[in-house]
Amino acid sequence: MKRKLVLVGNGMAGVRTLEELLKLAPDMYDITVFGAEPYGNYNRILLSPVLAGEKTVDDIMLNDLRWYADNGIILHTGKTVEQINRARREVVATDGTTASYDYLLLATGSNPFIIPVPGHQLPGVITFRDIHDVNFMLDAAKTHKSAVVIGGGLLGLEAAYGLQKLGMDVTVVHLLDTLMERQLDKPSADLLRRSLEGRGLKFLMQAQTDAIVGDDHVAGVRFKDGSEIPADLVVMAVGIRPNFALAKQAGLHCERGIVVNDTMQTYDPRIYAVGECVQHRGIAYGLVAPLFEQGKVCANHLAHLGYARYEGSVTSTKLKVTGIDLFSAGDFNGDATSEDIIYKDPGAGIYKKLVIKDNRIKGAVLYGDTIDGSWYFDLMRNETDISDIREDLLFGQSHLGDSGHGENRIAAMADSAEICGCNGVCKGTIVNAITTNGLFTLEDVRAHTKASASCGSCTGLVEQLLASTLGSDYSQTPKKKSMCSCTDFTHDETRKAITDSSLKTIPQVMEFLEWRTPDGCHQCRPALNFYLLCAWPGEYQDDSKSRFINERAHANIQKDGTYSVVPRIWGGVTNAAELRAIADVADKYNVPTVKITGGQRIDLLGVKKEDLPKMWGDLSRAGFVSGHAYGKSLRTVKTCVGSEWCRFGTQDSTTMGIKMERMAWGSWTPHKFKMAVSGCPRNCAEATIKDLGVVAVDSGWELHVGGNGGVKIRATDFLCKVETMEQVLDYTAAFMQLYREEGRYLERTAPWIERVGLSYVKQRVVDDAAGRMQLAGRFHESQKTAQIDPWAERAEGMDHAEFVPMKKFG
Amino acid sequence: MSEWFEIGAMTDIPRLGSRVVRTAHGDIAVFRTATDTIFALTDKCPHKGGPLSQGIVFGEYVACPLHNWVIELESGEAVAPDKGCAHRHPVKVEDGLVFLKVRSAVVNIADYSVVAQA
Ligand code: SRM
Ligand SMILES: Cc1cc2nc3c(=O)[nH]c(=O)nc-3n(C[C@H](O)[C@H](O)[C@H](O)COP(=O)(O)OP(=O)(O)OC[C@H]3O[C@@H](n4cnc5c(N)ncnc54)[C@H](O)[C@@H]3O)c2cc1C
Ligand code: SF4
Ligand code: FES
């Protein structure tokens with residue numbers, strides 16, 4: 001017989017938990033839900049745009065009544081649970097409805113706080129929490145003129161903005177002299193106030209409400225100093241209090257909320273709790289992102305999987321007032337032991353402040369330009385050492401070399417502005433998908449609209465759109481990001497398990513780490529294949545079925561299903577005989593396009609798959625090996641002519657590049673790996689946008705790392721200077737091996753270095769001489785089995801079946 | 001009229017892999033899962049015609065090699081939120097041999113007999 005689960009509170013956190021649970025264990029429970037409100041589950045966050053007339057109540061439904069029916073869930077709307085009988089494991093609603101449970105989930109949310117001043121019960125005084133409140137205000141705006149909003153926090157300002165858009169004359173009353181003091185410091189709050197005043201809102205700062213006046217309806221608000229302003233609607237938005245009355249009455253341990261442990265369990269093991277009603281490690285959260293994380297953990301335990309833990313969240317905030325860009329996270333005020341880095345341009349309406357302590361970001365406030373909010377937030381949550389990028393930090397991630405593509409300012413963009421250049425998706429489409437399909441995460445938006453799903457260069461813009469539409473940070477990936485939906489383990493955890501527990505095959509890894517799927521997916525299998533290859537060189541049997549087609553067929557697939565062939569041209573240097581051989585091959589196989597690539601090589605495009613092995617055989621005989629233009633592996637080493645010919649050349653950059661390519665070709669890396677060598681600082685080989693770039697100077701060779709010329713241009717960081725060609729090779733081998741061992745699959749050196757910090761790389765590759773030689777040693781060891789030309793092998797008949805049809809009819 | 005045609009041994013198709021059957025009316029991709037279930041789909045992704053036979057196979061799905069749509073092998077349907085369907089073809093395995101049911105017009109019998117003799 002199925003177990004019984006009862007949920008009290010049909011709100012965002014509770015229902016999200018059910019959704020997660022249904023994904024994990026669809027048939028485990030008979031579920032009953034009690035909700036005090038007379039609706040299905042809706043997106044409370046979007047009440048603000050409903051009030052502002054930008055959306056309707058129908059637009060913000062997350063799960064309508066059909067969803068409950070489809071999932072076999074009994075829903076009691078409009079029924080408030082007033083009693084929990086823990087001995088009999090039963091809940092009782094005010095109308096007498098009862099339900100018994102094996103497990104009970106409390107998600108009763110919060111109650112808006114009402115200042116108990118005289119007159120607070122007068123008709124016309126309202127809070128801002130649910131659909132009822134919003135409908136009340138929408139009605140009031142039709143017949144009344146002036147509104148007072150008490151409270152200049154997030155909710156108060158969103159209410160004020162909405163009422164003003166409805167045509168009311170609105171005054172915001174705030175106790176302190178800074179608006180949104182829990183999210184903003186004084187300078188940014190002043191900018192915000194000025195901008196809202198520009199839109200016609202009025203403010204009364206440092207005003208303490210003494211009474212609401214009126215006989216049978218609100219007529220005004222009186223303050224401690226005796227002054228009075230007229231009002232026919234008063235909105236109290238001064239804060240919320242976790243709603244734990246029911247839990248407390250049932251004898252559960254409560255402090256400022258229902259106290260739960262890291263599994264979201266209350267002091268009664270049969271009862272779990274999530275959402276705003278909860279107190280976890282002393283904190284009660286009031287934003288959706290942490291609540292969703294709680295829901296995920298709670299579902300894991302309700303499904304009796306028993307391994308997830310909620311360890312608290314760092315939150316960030318946005319204000320959902322159209323046209324205002326504002327971001328705030330962490331400890332943005334700082335203290336005596338922290339420092340502030342500030343950028344201020346009041347004329348342009350821009351203010352940015354970062355609070356730094358021990359070289360880590362502790363908090364951030366951004367006003368007017370929030371494009372880098374999610375980047376700072378990531379740096380903050382990952383506790384990244386920012387000492388290397390400190391000077392450039394305030395100018396944003398884009399300043400770390402990027403010029404990216406396209407625009408940066410989201411608020412100013414028209415709905416028709418194209419956000420995703422790869423898939424042609426515009427702003428209006430994305431915003432519409434977020435609201436009508438109830439999307440919450442970047443992944444959701446990618447799946448539904450394809451925006452940011454290809455090259456990813458518009459990810460920052462899409463995150464901003466999510467944030468400005470939904471208001472909070474839940475668009476961002478959680479701090480601990482699992483490899484894919486087959487597992488909850490991260491890339492790093494999986495790699496550690498592979499080496500610590502001597503896991504030697506993909507099935508072993510999946511069994512040991514309890515993969516949820518029988519044979520993984522197209523995301524985790526290629527990653528696991530690389531991690532195993534890197535951990536057990538020579539021993540691990542490569543699994544071609546876990547490789548993307550390009551790496552399996554050793555050629556790049558084209559849009560029409562044909563392939564391209566790029567032979568290795570060492571250091572970009574060739575000769576007449578090689579060119580003749582390439583020309584012959586192009587003739588023999590009717591290659592439609594022959595193109596010089598951006599990597600100093602020749603691309604033969606439009607080759608039929610069946611022709612590949614024969615063509616490779618011909619190229620092999622002419623002395624060519626695979627160029628790995630298709631691999632997460634060493635690509636090209638670009639060179640310039642250098643001191644052999646060039647009048648400015650200081651060293652033989654061509655020979656250096658060829659030596660490097662001869663040493664490193666064939667190695668598999670987390671993502672593609674490109675190198676270049678220039679013969680002088682004029683840098684004609686563009687070495688400073690490569691994963692590893694070498695620039696010759698009179699006294700030796702400068703080594704540069706972490707460059708990227710692709711989606712997001714990033715200039716390299718200077719690693720060190722060395723004197724001899726041998727040293728260049730040693731450092732190259734060590735750097736590549738460190739990246740191979742510690743970079744995450746599909747993470748290029750640029751984001752990898754930004755994640756671990758340049759200092760760390762310097763310490764491992766430059767400062768620690770013995771460590772460097774060990775890294776280089778491991779690199780050479782793995783090269784022993786890596787430098788077997790895959791083309792020659794296949795020309796000899798290996799993987800024959802891959803290249804020919806199983807059967808031909810007609 | 002549709003008929004069953006033998007296309008080779010099941011072991012000719014790698015586990016978690018696929019082979020192509022070439023017909024007068026285009027390629028058909030034949031897939032083999034880890035548990036030796038065989039499926040056949042027209043080798044054309046409903047998105048932009050990518051060759052599904054070249055994708056990574058997992059569970060009873062294949063990821064298209066061009067833009068990563070995931071297609072359900074059983075039905076040929078793209079996994080939501082993507083929408084579209086790759087035509088599926090009946091297949092059966094008897095005594096280790098795989099048979100594919102296709103319209104006979106698709107198969108030029110004269111040529112087929114040549115291949116079969118070879
Ligand atoms: C052929 C070539 C364009 C050309 O005609 O010149 C090319 C073609 C492709 N590039 Fe490139 N890239 C080529 C040089 C470059 C360069 C320039 C360079 O290497 O100096 C860059 C910028 C440098 C860099 O990588 O930082 C470049 C940045 C990219 C990117 C963006 C990478 C990034 O980290 O942002 C991708 C997408 C990816 O890898 O995910 C990409 C992907 C591709 C793919 C593989 C797209 C795909 O998945 O099908 C194209 C394969 C075509 C094929 O079948 O051969 N290509 N690509 C160049 C081959 C060089 C070679 O000889 O191997
Ligand atoms: C106007 C507004 C704007 C917001 N904007 C943002 C934002 O931009 N970003 C952000 O992250 N967060 C925002 N929030 C906060 C966010 O909505 C809440 O954090 C979230 O809804 C809390 O989820 P919950 O499930 O804990 O509570 P709720 O969503 O409040 O759900 C609790 C439900 O339980 C019901 N209930 C209570 N007691 C009982 C009982 N005894 N029996 C039956 N039912 C009961 C209540 O009626 C309610 O429906 C906003 C909130 C409001 C009101
Ligand atoms: S070759 Fe590179 S830049 Fe050109 S279309 Fe392909 S991926 Fe884009
Ligand atoms: S063609 Fe298959 S995903 Fe685009």
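User: How is the burial of helix α18 (residues 612-621) of chain A to be read, and why is it largely enclosed?

Analyst: Buried means under 20% relative accessible area, exposed over 50%, and partly exposed in between, with a 1.4 Å probe and protein chains only. Helices (H or I, at least four residues) and strands (E, at least two) are DSSP runs numbered from the N terminus. In α18(A), seven of the ten residues are buried, so the helix is largely enclosed by the rest of the structure. The buried ones are Leu612(A), Pro613(A), Met615(A), Trp616(A), Gly617(A), Asp618(A) and Leu619(A).

This is a predicted model, in which local features need pLDDT of at least 70 and side-chain atom pairs count only at pLDDT 80 or more, while totals for chains, interfaces and linings use all residues. Residues are numbered from 1 along each chain as its sequence is written, chains are lettered from A and ligands numbered from 1 in the order in which they are written, and side-chain values use heavy atoms, with hydrogens and water left out.

User: Which elements do the buried residues of α18(A) pack against, and what follows the helix?

Analyst: A contact means heavy atoms within 4.5 Å. The packing partners in chain A are the helices α16 (549-553), α17 (576-588), α24 (790-795) and α25 (800-803), together with the strands β31 (563-565) and β33 (602-607). After α18(A) comes Gly623(A), with a positive phi near 100°.

User: Where does ligand 1 lie with respect to the domains of chain A?

Analyst: Domain bounds come from an automatic or database domain assignment. Ligand 1 lies between domain 5 (550-631) and domain 6 (634-786) of chain A, because both give residues to its shell. A residue is near a molecule or strand if one of its heavy atoms lies within 4 Å of it. Ligand 1 is surrounded by 20 residues, the closest being Gln558(A), Gly598(A), Lys672(A), Gly709(A) and Arg748(A).

User: How do the residues of the shell around ligand 1 divide by type?

Analyst: Ala, Val, Leu, Ile, Met, Phe, Trp, Tyr, Cys and Pro count as nonpolar, Asp, Glu, Lys and Arg as charged, and the others, Gly among them, as polar. The shell of ligand 1 has one nonpolar, eleven polar and eight charged residues. A polar contact is a pair of N or O atoms within 3.5 Å; within protein, one must be able to donate a hydrogen and the other to accept it, and residues adjacent in sequence count only if both atoms are side-chain atoms. An N or O atom in the side chain of Lys595(A) is 2.8 Å from an oxygen atom of ligand 1. For the side chain of Lys638(A), the distance to a ligand 1 oxygen is 3.2 Å, and for that of Asn708(A) it is 3.2 Å.

User: Which residues come nearest to ligand 2, and how much of it does the protein bury?

Analyst: Of the 35 residues around ligand 2, the nearest are Ala13(A), Glu37(A), Arg129(A), Glu276(A) and Lys320(A). The shell divides into 15 nonpolar, 14 polar and six charged residues. A backbone N or O atom of Val288(A) lies 2.8 Å from a ligand 2 oxygen. Accessible areas come from the Shrake-Rupley method with a 1.4 Å probe; for residues, only the protein chains shown count as cover. Taken alone, ligand 2 exposes 980 Å², and the protein buries 94% of that.
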